[in-house]
Amino acid sequence: MPKALVTGAAGFIGFHLCRRLSAEGFEVVGLDAMTDYYDVSLKQARLDLLQGPDFSFVQGRVEEPGLLMRLFSEQRFDLVFHLAAQAGVRHSIEVPRDYLDSNIVGSFELLEAARAYPPRHLLLASTSSAYGANTEMPYRETMRADHQMSFYAATKKATEAMAHSYAHLFALPTTMFRFFTVYGPWGRPDMALFKFTRAILNGDPIDVYNFGDMKRDFTYIDNLVEALWRLAGPPPPPDGKSFCAEDSLSPVAPWRIVNIGNSQPVQLTDFIAAIEAATGRSADRNLIPMQPGDVPATWADTMLLTRLAGPITPIPVDKGVQCFVDWYREYYDC
């Protein structure tokens, strides 16, 4: 039975990915620190659903010296999905050291373990925030991304660079994913969909940044997990020969970046309207300015994703939002 490691296994994306890997016949080892950045009981509920003969859980921080090295030496993974990170653009302004420890030191520990015990394919999560101040859209993987707008984004961009150096020096086949506003059932409470749904159902006002003039490339969780599964197959080649003009393959390492998005940006006001329709209630909007570190729009060019993984039919936003609201009402019995 092939074996996969998923760091951040109790998180939103990690949970869904672990379920998919188990369904595909993998023995899955999940690692998570179970921090209190948001409700730990939600993380535990996800873990409870993962329990089974083909899933084992290790609680610990990726930045803990030696933890990942021991895990890699004992398990010898075929695939490694590194999703563990301190998330949140705004939170990174308040407690930047958490991002330094988890996102940079933790990724270093992972890369050192992979160097010693190489998996067949190393897959690491990055973010659309890495595109930073770029205004040309849609965002393409081959664009320069040098002007990050938040410390969170800076740590993820640094992880990309660190992973490239290890891929070059130690021939580690590595794929970096830039995620675009992932949403769906079992999502994170600090994300807009979760916060808006909770507030609307409770009759509370919602904070709408930049007075509603924002666009996001919302990506439904099932679409993202399908992309991760397909891209986990053939790793980047070591010869540096790109197969198409859109390829982000490094000329000196088996390393590339792939956008995972919907390629259909949605106006924030339309997203809120979808939540109103799904809940059957109107939102009381509190219009406020843009927050520090945020960007007004994101939009993924997914041509490379399609070339590598084949077409993935996107879940429409109204359907995806309805699925989340249905889950929310069932989970919280409201």
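How many nonpolar, polar and charged residues are in the lining of the second largest pocket? The legends below take up this question after an overview of the predicted model.

**Figure 1. The protein chain of the predicted model, shown whole.** The chain has 334 residues, and a compact globule of that length would have a radius of gyration near 20 Å; the value for this chain is 19 Å, which agrees. Along the principal axes, its C-alpha atoms fill a box of roughly 55 × 45 × 40 Å. The secondary structure consists of eleven helices and 13 strands.

**Figure 2. Burial, surface and contacts in the protein chain.** Of the 334 residues, 53% count as buried. The accessible surface comes to about 14,000 Å², and carbon and sulfur atoms hold 52% of that area. Among contacts with a separation of 6 or more, 81% are between residues 24 or more positions apart.

**Figure 3. The second largest pocket and the residues nearest its centre.** The space in this pocket is about 210 Å³. Its lining is made up of 17 residues, and G261, T302, L305, I312 and P314 lie nearest the centre. Two or more lining residues come from each of these elements: β10 (219-220), α8 (221-231) and α10 (303-309).

**Figure 4. Helix α8 and the lining of the second largest pocket.** Helix α8 gives three residues to the lining, the largest share. By class, the lining of the second largest pocket has nine nonpolar and eight polar residues, and no charged residues. This answers the opening question.

How values were computed: Residues are numbered from 1 along each chain as its sequence is written. This is a predicted model: local features need pLDDT of at least 70, side-chain atom pairs count only at pLDDT 80 or more; totals for chains, interfaces and linings use all residues. Side-chain values use heavy atoms; hydrogens and water are left out. On a 1 Å grid over the protein atoms alone, a cavity is a set of points where a 1.4 Å probe fits but cannot get out, and a pocket is an open set with protein on both sides within 12 Å along at least five of seven lines; lining residues have an atom within 4 Å of a point. Grid points are joined across faces, edges and corners, and a volume is the space filled by probe spheres set on the points. Helices (H or I, at least four residues) and strands (E, at least two) are DSSP runs, numbered from the N terminus. Ala, Val, Leu, Ile, Met, Phe, Trp, Tyr, Cys and Pro count as nonpolar, Asp, Glu, Lys and Arg as charged, and the others, Gly among them, as polar. The radius of gyration is taken over C-alpha atoms; the globule rule is 2.2 Å times the number of residues to the power 0.38. Buried means under 20% relative accessible area, exposed over 50%, partly exposed in between (1.4 Å probe, protein chains only). Contact means heavy atoms within 4.5 Å. Accessible areas come from the Shrake-Rupley method with a 1.4 Å probe; for residues, only the protein chains shown count as cover.
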